[in-house]
Amino acid sequence: MTAPLRIDVITLFPGMLQGFLEESILKRAAQKGAVAFNTVDLRRFTTDRHHTTDDRPFGGGPGMVMKPEPLFKAVESVATPEARVILMTPQGRRFDQAAAAKLARQTHLVFVCGHYEGVDERVRTHLATDEISIGDYVLTNGVLPAAVVIDAVVRLIPGVLGNDSATTEESFAAGRLEYPQYTRPRVCRGLEVPEVLVSGDHEEIARWRQEQSARRTQDRRPDLLEK
Ligand code: 4H7
């Protein structure tokens, strides 16, 4: 395997992330050396007695803004020249599978998780190289968005999932919704599995799945077919 993808996460809530990184596939990915995680507690980069990370907005108004200096210092403590510094924000570019694939080809990702009413604009303009949103809704902080992006990216690193046919098929079918799946028993609560799937006719099964996948995409996500 090649060098691990380095992922640093800068946050006021390192504990929120730790549990997530220590579970299941992400943990195994780290053990395998596919990825190296590091969480950075932003408070370590404050200099005042109260470890202040936010302040009142210039110009007045409600809410608090994250101070730039601790964020600059925290990023500078981990960033390498090739690092992508990613600010998780509702104003960012909408995250999707293609964005995940691009990030999976990088060597170093540094996630900056905002909170309060947002971050000082200079963090956006002079620290972040990317701004990403996971969708059109507001969260109290950027930790869960960072976790979502990390999960989507790490599972794409070669060797993390094992290159079984499920991953191959998934990338093959990208841009389409998946076909319905069934497992045993053949009848559950009187509900039967479609006959074709137990027919043993593999050509027929492939055709049925393609058809289902196309119909589902048309009904539920016609926007995917336009892309
Ligand atoms: C940076 C700037 C991401 C981070 C502002 C982050 C949703 C997403 C945050 C904010 C996030 C997403 C602070 C803006 C709290 C809203 C009430 C953290 N929310 N926030 N304000 N969609 N929140 O990816």
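Colleague: Where does Pro-185 lie, and what makes the bond between Arg-184 and Pro-185 cis?

Modeller: Pro-185 is placed in the loop between helix H7 (165-172) and strand E8 (187-188). Omega of the peptide bond from Arg-184 to Pro-185 is about 5°, and the bond is cis. Most peptide bonds are trans. This is a predicted model, in which local features need pLDDT of at least 70 and side-chain atom pairs pLDDT 80 or more, whereas totals for chains, interfaces and linings use all residues. Residues are numbered from 1 along each chain as its sequence is written, and side-chain values use heavy atoms, without hydrogens and water.

Colleague: What makes E8 a strand and H7 a helix?

Modeller: Both are DSSP runs, numbered from the N terminus: a helix is a run of H or I with at least four residues, a strand a run of E with at least two. Strand E8 covers 187-188 and helix H7 covers 165-172, so each meets its minimum. The protein chain holds nine helices and nine strands.

Colleague: Why is Val-75 called buried?

Modeller: Val-75, a residue of helix H3, has a relative accessible area of 2%. Buried means under 20%, exposed over 50% and partly exposed in between (1.4 Å probe, protein chains only), so Val-75 is buried. Other buried residues of H3 (68-78) include Pro-68, Leu-71 and Phe-72.

Colleague: Which residues is Val-75 in contact with, beyond its neighbours within four places in sequence?

Modeller: They are Ile-10, Val-85, Val-110, Val-112 and Leu-127; contact requires heavy atoms within 4.5 Å. The buried residues of H3 pack against E1, E2, strand E4 (65-66), strand E5 (84-94), E6 and H5.

Colleague: Why is Arg-220 classed as it is, buried or exposed?

Modeller: Arg-220, in helix H8 (202-220), has 56% relative accessibility and therefore counts as exposed. Its C-alpha atom is 8.7 Å from that of Leu-177, although the two residues are 43 apart along the chain.

Colleague: What is notable about phi of His-51 and of Tyr-116?

Modeller: Phi of His-51 is near 55°, and phi of Tyr-116 is about 60°. Both values are positive, and neither residue is a glycine. Most residues other than glycine have a negative phi. His-51 is in the loop between E2 and strand E3 (54-55), and Tyr-116 in the loop between strand E6 (108-113) and helix H5 (121-126). At 39% relative accessible area, His-51 is partly exposed; so is Tyr-116, at 29%.

Colleague: How do you know that the buried residues of H1 line one face?

Modeller: The buried residues of H1 (14-21) are Pro-14, Leu-17 and Leu-21. Viewed down the axis of H1, they fall within an arc of 70°, so they line one face of the helix; the arc is that of the directions from the helix axis to the C-beta atoms. Residues three or four places apart point the same way because an α-helix has 3.6 residues a turn. The elements against which the buried residues of H1 pack are strand E1 (5-11), helix H2 (24-31), strand E2 (35-41) and helix H6 (143-154).

Colleague: How does the radius of gyration of the protein chain stand against that of a compact globule?

Modeller: The protein chain has 22 Å, whereas a compact globule of 227 residues would have a value near 17 Å. The radius is taken over C-alpha atoms, and the globule rule is 2.2 Å times the number of residues to the power 0.38. The C-alpha atoms fill a box of roughly 70 × 40 × 35 Å along the principal axes.
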